[in-house]
Structure formats: structure tokens, C-alpha cells
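Q: Please take a close look at one part of this structure, the ligand sites and the loops that go with them. I am new to it and would value a single connected account.

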Amino acid sequence: MRNTLSVSAANKLLNRFGAQRLDDLKEELTAYAKSLGVDLFGVADLSTAKDLMLSQGGRHVAGYPRAVSLGIRLLDDVVDQLRNHEDPITISSYRSLYTAVNTALDRAALLVAKKIQDAGFRAYLVPASSMLNNGKLEATFSHKVAANLAGLGWVGKSCLLITPELGPRVRLATVLTDAPLEVGSPLPNRCGRCTKCVDICPAKAFTGRPFSHSEPRDARFKAALCDEYTEKRIKVYGDVNCGLCVYVCPHGNKRKKKK
Ligand code: SF4
Ligand code: SF4
């Protein structure tokens, strides 16, 4: 099975399909995703992420030249309650929200992937909450990197995707594809001197280093410390992480209304 798509193969696809039809397809996918409840939609050029894709998902995943990134907004009234992150009602509400948003995202991503496939292109789903069983607590491919390259936001010191509109109060899913759709441009990091997420994390999981594509995630985020802390919480309170890094980010708690 073919695993990689060369630049010349991508150009052939572009020529065969035609720029106008590709623009129409992107417009159609955007409108369709929004009709499925998706708040953020973007397309990423993955050419700068090949090494990461190879290390996370292997050769098959690294063969896709584009990613469609989809985001659904969390509910502010639930996230705002996370300041009481040990309260059973807050925990239960956050867990339910997480599950509901992941389910909605996975359905939307699947249907968008099917539309891409129906248009004659390859499409490969990376669900909202897929963790590889490789001991590294990583997904098949980083949703955050896809969303960052698609221009939806930057990766903050919390290692979360921070969007200008919703901060980190968004969940993500990704569809990898060979459809040569027009891509977005990565946004510059706007964390500045803020260290709120670093300071509030009870597991001390963040090092405070700003995101860099050239550094491994471990340089910024000790995922095992968050995981250990979450395991302890699960024993006391039941499932779900504390979410304080989502709650505290000033880019997310602006109570912006969706336009
Ligand atoms: S979920 Fe909680 S423990 Fe985990 S990184 Fe965020 S603030 Fe730290
Ligand atoms: S809390 Fe501050 S440092 Fe952390 S991601 Fe948000 S803006 Fe960046």
C-alpha cells in the first residue's frame, strides 16, 4: 500500500481536481462541519511535521500531506466551576461535558472524512481522545500541532492549543488527507510573560518553556506527572483530570459570545 504522497503526486491531484473545485470542496466541508456543531475549522500543511508524524503514528500517518482540524467549544459555565476542582458536582459535570464534546467531535470528524472520501481523496480519522498504548501518553498524531499549523491557535505553555477566540476551552479532532485543500498559516505565540497555567498546576507538570516544533513535548510538559496526579484523583473523586490549566488561561475566560 502506498504510504507517502510526493510533491509531484500532490500536484497531479491538484491538476486533476482543479483549484476551483478544491475551493468549493473546502467551502462545502467548512459549512458542513459548522452544521454539525463544529466551532473551529482549518486545514494544515503537514510538510514541516513529518518527523513528528513518523515518531507518533509511523509511516502510514506520516504519508498524509494535509490535516483538517476541527474544534468544538466547551461550555464556559462548566469550565468556570473548575476553580472548585475537588467538588464532586464540578467533577461530574466536567466529565460529562468532556465525553459529550468528544462524542460530537468524533461524529463530525467521521462525517467530514466521509465527505472527503466521497470527493475522491484519502481520509484518515484521528479521534478526539485517542491515546496510543506506547507509554508516551500520545495520540496517533497531535491534534494541537495540526490545529496550530492550520492557523487556529498557538500551543501555550500549558501545552494546550490556545485559540484567540476561545483560549484552551475547545476540544479537537483531526482528519488526515491527501486532498490538496488551501491551508492556513500558524499563529504566533501570544502567551507573553503569562505563567498562570504553570503556577496553578498541582502536579507541577509544566516547565514554563514556550512551545517549539523542534523540541520534544517533554521539554515543556511532563505528561507522566499530570497522569500520576490524575490517577490519584481518580481514586478519590472518580474519572477526569483537574482541568485547572484549561480554567485559568486568560485567553479562554473572556466570556466571548460566538458570532
Ligand atoms: S490537568 Fe491539572 S494536573 Fe494536569 S496539567 Fe492541567 S493543571 Fe496540571
Ligand atoms: S495560562 Fe498564560 S502561559 Fe498558560 S497557555 Fe494561557 S496565556 Fe499561555
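A: In this predicted model, Lys 204 has a relative accessible area of 56% and is therefore exposed, the cut-off for that class being over 50%. Lys 204 belongs to the loop between α7 and α8. Its phi is positive, at about 55 degrees, although Lys 204 is not a glycine. Most residues other than glycine have a negative phi.

A second residue with a positive phi is Cys 159, whose value is near 65 degrees. Cys 159 is found in the loop between β4 (154-155) and β5. Its relative accessibility is 2%, so Cys 159 counts as buried, whereas Lys 204 is exposed.

The account now turns to ligand 1. The residues around this ligand include Cys 201, Pro 202, Ala 203 and Phe 206. Others in that shell are Phe 221, Cys 226 and Tyr 229, together with Asn 241, Cys 242, Gly 243, Leu 244 and Cys 245. Two helices, α8 (223-237) and α9, each contribute at least two residues to the shell. Sorted by class, the shell around ligand 1 holds 10 nonpolar and 2 polar residues, and no charged ones.

Which residues surround ligand 2? They are Gly 156, Lys 157, Ser 158, Ile 162, Cys 191, Cys 194, Lys 196, Cys 197, Cys 249, Pro 250 and His 251. By class, 6 of these residues are nonpolar, 3 are polar and 2 are charged. Charged residues thus appear around ligand 2, while the shell around ligand 1 has none.

The site of ligand 2 can also be described as empty space in the protein. Rolling a probe the size of a water molecule over the atoms shows where empty space is left. A search of the whole structure gives 2 cavities of 30 Å³ or more. The largest cavity holds about 120 Å³ of space, and the space taken by ligand 2 is this largest cavity. Its lining consists of 15 residues, and those nearest its centre are Cys 191, Cys 194, Cys 197, Cys 249 and Pro 250. Two elements, α7 (196-200) and α9 (244-248), give two or more residues to that lining. The lining divides into 9 nonpolar, 3 polar and 3 charged residues. The helix α9 therefore has a part in both places: it supplies at least two residues of the shell around ligand 1, and it gives two or more residues to the lining of the largest cavity.

One further residue joins this picture through His 251, a member of the shell around ligand 2. Gly 167 and His 251 stand 84 residues apart in sequence, yet their C-alpha atoms are 4.4 Å apart in space. Gly 167 lies in the loop between β5 (161-162) and β6 (170-177). Because its relative accessibility is 0%, Gly 167 counts as buried, the class being defined as under 20%.

Conventions: Residues numbered from 1 in each chain as written. Chains lettered and ligands numbered in written order. Predicted model: local features only at pLDDT ≥ 70, side-chain atom pairs only at ≥ 80, totals over all residues. Heavy atoms only, no water. Near = heavy atom within 4 Å. 1 Å grid on protein atoms, 1.4 Å probe; cavity = no way out; pocket = protein on both sides within 12 Å on 5 of 7 lines; lining within 4 Å. Sits in = over half its atoms within 2 Å of the grid points. Nonpolar A, V, L, I, M, F, W, Y, C, P; charged D, E, K, R; others polar. Points joined across faces, edges and corners; volume = space filled by probe spheres on them. Helix = DSSP H or I, 4+ residues; strand = E, 2+ residues; numbered from the N terminus. Buried < 20%, exposed > 50% of the residue type's maximum accessible area, 1.4 Å probe, protein only.
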